[in-house]
Structure formats: structure tokens, C-alpha cells
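Here is a short report on one protein chain. Keep the structure open as you read.

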Amino acid sequence: MAILSWKTSDGQTGQWQINQAETRIGRAEGNDFTVPDGSVSSVHAELVLDGGTLIIRDLGSTNGTFIYDQRVQQAIVEPGQSFRLGNVQFSFEQETELIQEALPPPSAPVHMHLAPTAPAAPASSSMDSQNGPGTVAGPICFYHPVSAAAYSCTKCCHDLCAACAKQELIGGKRFPFCRHCGGKCVGVGQSAIPQQKRRAKFGELLPTTFTYPLKGNGLILLITGSFFFGFLDFITSARVPRPLFILVLTLVVKAIMFGYLFAFMQKIVSASADGDDHPPSWPEVTDIGQDVFHPFWLFFATAVACFGPGFFLYAYQPLPGIALMLIGAFYFPMALLAVAMSDSLGGLNPLIVFSAILKVPGPYTVSVIACGFLVLVRTWVPAVIAEMNVPFVSWFAVSGAALFLVMVEMRILGILYYTNKEKFGWY
């Protein structure tokens with residue numbers, strides 16, 4: 001029987017038995033397994049049990065599915081292997097051993113076996129004349145001294161034969177991992193010390209944000225989003241008297257529109273924070289409360305917390321009110337980033353926001369200026385397009401331009417986190 005154990009970042013734990021072929025995991029009620037953590041999407045992933053292995057599929061989650069810290073859309077999880085949904089760690093085990101490992105026990109005699117992927121040695125060097133016949137030339141396996149090494153583990157730094165390296169299918173490709181410590185493996189002779197890919201700096205990525213909405217499926221997102229949001233904006237902005245129930249319905253539609261938009265903004269921030277260079281797909285909606293109204297509440301509460309005090313004070317003291325609104329405008333981008341990454345209003349905590357601002361004052365100031373400029377452009381564009389005075393077309397043009405600029409703004413916040421995630425220390 002398959003056993004799935006999990007642990008959240010705040011110490012909550014649980015264990016489930018997988019008794020069916022297909023299982024869905026998410027934060028919302030109605031899933032087969034529910035995880036009470038804000039980093040897990042309402043319907044996050046699907047598990048398919050196939051014999052002794054588990055196939056995991058990401059269902060368009062906001063914070064992603066990871067195996068060995070590599071984000072995947074679909075991958076195979078074998079017994080003893082771990083994976084992560086958002087910030088929640090999972091471990092997959094079999095209650096009874098279904099597959100016996102093809103490795104001899106420590107006390108058993110070790111039989112010589114040559115790694116099939118090891119390069120063949122010249123005939124003159126196949127045996128060491130000093131050590132006698134039967135000695136393998138070149139690097140040898142740490143666990144099987146008479147076997148040629150084919151890989152080096154980047155975690156324990158041991159040389160391994162082919163039998164000591166397990167091939168894992170991740171994202172459609174196979175990668176070798178150490179059977180003993182689970183570390184990634186490289187070809188023998190390569191450096192076993194993990195080589196960290198140089199992460200681009202914020203200033204290097206910032207100019208690319210204006211092309212970001214056009215990468216991958218970005219153009220399709222812009223076209224479909226222009227029609228969707230443009231249509232909702234058109235039907236909710238008619239300047240005619242309306243009965244009370246129509247006004248209430250209009251407010252609900254507005255909430256749905258902005259809630260879904262912020263859910264998409266969260267996905268852009270999260271994907272960019274993980275280093276993805278292409279826009280994510282539209283959010284999946286399976287629970288309108290969790291997937292639409294929850295994001296709307298996050299965005300609305302963040303805006304009120306940042307700008308509400310300034311507007312309130314402005315009614316009594318204009319100059320102090322304006323000063324407080326400017327402070328709120330400076331506070332808002334980092335607060336929005338923290339709320340989007342945590343999927344919680346806990347991100348509004350001044351200790352979190354001001355601490356993060358002080359850790360990256362230069363890049364953050366640039367982000368505020370860039371986002372402020374884009375907000376002004378978003379305010380100015382509708383007036384320019386309205387001058388076209390083309391029925392219906394103006395609505396969709398305004399919507400498309402606004403969506404483009406919103407994607408750029410969220411990309412800026414995402415790369416701010418991506419290039420400074422160690423300094424923030426949030427996750």
C-alpha cells in the first residue's frame with residue numbers, strides 16, 4: 001500500500017494512504033487530500049498510482065510542483081523519493097516492499113560488474129601490473145571497489161557505478177541520482193561539486209520585462225485576456241440608471257474580474273520568482289471562493305491597507321494626507337509582492353515589508369519608480385484610445401494595453417524576488 005507523508009513549513013504533519021488510481025491534492029475542500037497551507041493551490045496536483053511508482057501532474061498551481069528543487073509539470077516519483085508542492089514537503093513510500101533493490105547487502109560477497117556506460121579502457125591498461133589482475137583501471141565505485149565508476153554524486157561526492165545511480169524521469173528527461181544519499185549525479189571525471197548557475201542581476205533582467213508578455217504563449221494570453229476583461233469591463237461600466245439588484249450584480253462581476261486578474265498576477269510573480277522566463281497559463285478555477293474571491297480579498301485588503309489611511313487623512317488634513325498616500329505608494333509594491341508570494345494577508349506585516357525594503361533599497365526603489373511610471377501610463381492610455389471613438393474596439397484595446405502593463409509590473413516584482421531571494425529569506 002502506498003503511503004504519502006507531508007510536512008508544512010510551520011510544522012504541521014500528516015500521512016495518507018493512497019488507495020485509488022487517481023488522487024487530487026489541494027488546499028480546498030473537495031480534493032481527495034486537503035493540505036492546510038497557503039502555498040498550496042486550491043487544486044494543486046494530481047497523483048496517479050501505477051504499480052510501485054507514482055506519477056505527479058501539476059494542475060496549473062500558483063507556487064509550483066518541485067522534485068529535487070526542479071519545477072516540473074509531470075514526473076515520476078518512486079518509493080523513497082520526495083517532492084514539494086509550494087512550501088509543503090511530501091515523501092512517498094510503500095508500506096510493503098514491492099520492488100527489491102538490485103544491490104548486494106554489505107555482508108554479501110561482491111561480484112565484479114562493469115558499468116555499461118563507463119568508457120572502455122585501452123587493452124594495455126585494463127589491469128594494473130602492480131595490483132594484480134582483476135583491478136579496474138581508472139575511477140572505481142565507492143561501494144563496489146571492483147566496479148568501474150560511471151558517475152560522481154554532487155552531494156556525497158562519491159564515485160558510483162551504474163548500479164549505484166538510479167535514473168529518475170523528471171520533466172520528460174532522465175537524470176541520474178545517487179541511490180545512497182539521493183544527490184544529483186554527473187558523469188565521472190566531471191566536478192562532483194554542484195556548479196551554481198550564475199543568476200542574472202536585477203538590472204540585467206529589468207530591460208527584458210517589456211518583451212516578457214510576448215514570450216511563449218504570451219500573445220495568446222493578451223488576446224484572450226483583452227476580450228475577457230474588456231467584455232466584463234464593458235458590461236459593468238454602462239452609464240445608465242440601474243435597479244439595486246443590478247448594481248449588486250455589477251459589483252459581484254467586478255469582484256470576479258479583479259479576483260481572477262490578481263490570481264493571474266500571483267502566477268506571474270511566482271513563476272518569475274522561480275526563474276521562469278515565460279508567462280504562465282491562465283489560473284484554473286475549480287472553487288470560485290478559493291480561486292477567485294480569495295485573491296480578490298487579498299488584493300483589495302492590500303490596497304486599502306496601503307492607501308486607505310492616506311485617503312482618510314486627506315479629507316481632514318490634505319497635505320499630511322498626500323504625504324501618507326506617497327508613503328503608501330512606496331510601501332504597496334513590496335506589500336503586494338509579500339502577499340502574492342505567501343498567498344496570505346500576513347505579508348502586510350510591516351516587519352516583513354520594511355525589513356525586505358531595507359535589504360534591497362536600490363533595486364526596490366527602481367522597481368517602485370518603474371511600476372509607478374507604468375501605472376501612470378495605464379491611466380493615460382484609456383484617454384488616448386478613447387479619442388479613437390471606435391465602438392467596442394476601444395474597450396478591448398484599453399483592456400489589452402492594461403493587461404500588457406500589468407504583466408510587466410508583476411514581472412518586475414517577480415524578478416526582484418528572484419534576484420534577491422536569499423536576502424529576503426521568506427522561503
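Helix 4 supplies four residues to the lining of the largest cavity, the largest share of any contributor. Keep in mind that this is a predicted model.

**The cavity**

A search of the whole structure finds one cavity of 30 Å³ or more. Its volume is about 250 Å³. The lining of this cavity holds 24 residues. Nearest the centre lie Ser 41, Ser 42, Thr 62, Gln 290 and Asp 291. Helix 3 (244-273) and helix 4 (288-314) each give at least two residues to the lining.

**The second largest pocket**

Now turn to a pocket. The second largest one has a volume of about 900 Å³. Residues from six helices appear at least twice each in its lining: helix 2 (218-235), helix 3, helix 4, helix 5 (318-342), helix 7 (361-386) and helix 8 (393-418). The lining counts 33 residues. Phe 299, Val 375, Arg 378, Val 406 and Glu 409 lie nearest the centre of this pocket.

The table sets out the two linings by residue class.

| Space | Nonpolar | Polar | Charged |
|---|---|---|---|
| Largest cavity | seven residues | twelve residues | five residues |
| Second largest pocket | 25 residues | four residues | four residues |

**The nonpolar cores**

Which residues have the most contacts inside the largest nonpolar core? They are Met 334, Leu 337, Met 410 and Phe 424, in a core of 53 residues. Helix 1 (202-205), helix 2, helix 3, helix 4, helix 5, helix 6 (350-359), helix 7 and helix 8 each supply at least two residues of this core. Helix 8 gives the most, with eleven residues.

Look at Leu 337 up close. Leaving out residues up to four places away in sequence, Leu 337 touches Val 269, Leu 413, Leu 416, Tyr 417, Phe 424 and Trp 426. Another core lies apart from the largest one. This other core has 22 residues, among them Ala 2, Ile 67, Ala 75 and Phe 83.

**A sheet of six strands**

Strands of a sheet pair through backbone hydrogen bonds, in either a parallel or an antiparallel way. Here, an open sheet of six strands runs in the order 2-1-11-10-7-8, with antiparallel pairing. Strand 2 (13-18) and strand 8 (70-71) are the edge strands, and each pairs on one side only.

Follow one pair inside the sheet. Strand 10 (residues 82-85) meets strand 11 (residues 88-94) in the antiparallel sense, over four bridges. One partnership to find is that of Arg 84, whose bridge partner in strand 11 is Gln 89.

**An unusual loop residue**

Most residues other than glycine have a negative phi. Asp 343 has a phi near 55°, a positive value in a residue other than glycine. Where does Asp 343 lie? Asp 343 sits in the loop between helix 5 and helix 6. Is Asp 343 buried or exposed? Asp 343 counts as buried because its relative accessibility is 11%, and the cut-off for buried is under 20%.

**The whole chain**

Step back to the full protein chain. The secondary structure comes to nine helices and 16 strands. The chain has 427 residues, and buried residues make up 41% of them. Consider next the contacts between residues at least 6 apart in sequence. Of these contacts, 57% join residues at least 24 apart.

Key. Residues numbered from 1 in each chain as written. Predicted model: local features only at pLDDT ≥ 70, side-chain atom pairs only at ≥ 80, totals over all residues. Heavy atoms only, no water. 1 Å grid on protein atoms, 1.4 Å probe; cavity = no way out; pocket = protein on both sides within 12 Å on 5 of 7 lines; lining within 4 Å. Points joined across faces, edges and corners; volume = space filled by probe spheres on them. Nonpolar A, V, L, I, M, F, W, Y, C, P; charged D, E, K, R; others polar. Pairing = 2+ DSSP bridges. Core = buried A, V, L, I, M, F, W, Y, C linked by side-chain atoms within 4.5 Å. Buried < 20%, exposed > 50% of the residue type's maximum accessible area, 1.4 Å probe, protein only. Contact = heavy atoms within 4.5 Å.
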